[in-house]
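Reader: I'd like a close look at one part of this model, the hairpin and whatever sits around it. Could you walk me through it in one go?

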Amino acid sequence: MRKAKPKKRVILPDPVFGEVMVAKFVNHLMLDGKKNTAYSVFYSALDVVGQKMANAEKPALDIWKQALDNITPLVEVKSRRIGGATFQVPMEIRADRKESIAMKNMINYARKRGGHSMAEKLAAEIMDAFNNQGGAFKRKEDMHRMAEANRAFAHFRF
């Protein structure tokens, strides 16, 4: 590599919970630099989750964290070209990438949902992920199934 690696930027914790993970999620959720709008969408989604899952006896933030854990993939497949053939090689994922993939999947599948507001759609996706169902959880299962099917090519890891 010719250039030095860029330094990791420090992400400040969010104003309500004081969690860096929430700030990262809001950064993924944000469109066109509208961070206050993204924060309001996230907090109102957590309010909806707290109201609908009052019987879970957990705070909404803990439900969201558990939902993220449930949709976090452990392995992924990467294409690797060897001798003219392209193989799907299963590889373990770095911790920061796992977190990022889980957040992006949750937001993407929430955006695809039917519903009135983004807060409602995000709340529904959080509750589905908490209960091990929904689009983001299915995506994780598909990634794991693909990696399992291509386990024979694991020795091509780089």
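Author: Sure, let's start at the turn. This is a predicted model, and in the hairpin of E1 and E2 there are two residues between the strands, with Gly83 taking a positive phi near 60 degrees. The two strands, E1 (residues 75–82) and E2 (residues 85–92), run antiparallel and pair over eight bridges.

You can follow that pairing residue by residue. Val77 of the hairpin stands opposite Pro90 in E2, and the bridge partner of Glu76 in E2 is Met91. As a reminder for reading the strands, side chains in a regular strand alternate between the two faces of the sheet.

Now stay with Glu76, which lies in E1. Is Glu76 buried or exposed? Glu76 counts as buried because its relative accessibility is 7%, and the cut-off for buried is under 20%. So what does this buried glutamate have around it? Leaving aside residues up to four places away in sequence, Glu76 touches Val89, Pro90, Met91, Ile93, Arg97, Ile101 and Met143. Two of those names you've already met: Met91 as the bridge partner of Glu76, and Pro90 as the residue opposite Val77. Arg97 deserves a second glance too, since its side chain and that of Glu76 are joined by a polar contact of 2.9 Å.

Arg97 takes us on to helix H4, which spans 95–112 and, like helix H1 (20–29), supplies at least two residues to the lining of the largest pocket. H4 gives the largest share of that lining, five residues. The pocket itself holds about 370 Å³ of space. It is lined by 13 residues, and the closest to its centre are Lys8, Arg9, Ile11, Lys24 and Asp96. What kinds of residue make up the lining? Eight are charged, three are polar and two are nonpolar.

If you keep going past H4, you reach the loop between H4 and helix H5 (118–130), which is where Ser117 sits. Ser117 counts as partly exposed because its relative accessibility is 28%, whereas Glu76, back in the hairpin, is buried at 7%. One last thing to look for on screen is the pair Ser117 and Ala149: they are 32 residues apart in sequence, and their C-alpha atoms are 38 Å apart in space.

How values were computed. Residues are numbered from 1 along each chain as its sequence is written. This is a predicted model: local features need pLDDT of at least 70, side-chain atom pairs count only at pLDDT 80 or more; totals for chains, interfaces and linings use all residues. Side-chain values use heavy atoms; hydrogens and water are left out. On a 1 Å grid over the protein atoms alone, a cavity is a set of points where a 1.4 Å probe fits but cannot get out, and a pocket is an open set with protein on both sides within 12 Å along at least five of seven lines; lining residues have an atom within 4 Å of a point. Grid points are joined across faces, edges and corners, and a volume is the space filled by probe spheres set on the points. Helices (H or I, at least four residues) and strands (E, at least two) are DSSP runs, numbered from the N terminus. Ala, Val, Leu, Ile, Met, Phe, Trp, Tyr, Cys and Pro count as nonpolar, Asp, Glu, Lys and Arg as charged, and the others, Gly among them, as polar. Buried means under 20% relative accessible area, exposed over 50%, partly exposed in between (1.4 Å probe, protein chains only). A polar contact is a pair of N or O atoms within 3.5 Å; within protein, one must be able to donate a hydrogen and the other to accept it, and residues adjacent in sequence count only if both atoms are side-chain atoms. Contact means heavy atoms within 4.5 Å. Two strands pair if DSSP finds at least two bridges between them.
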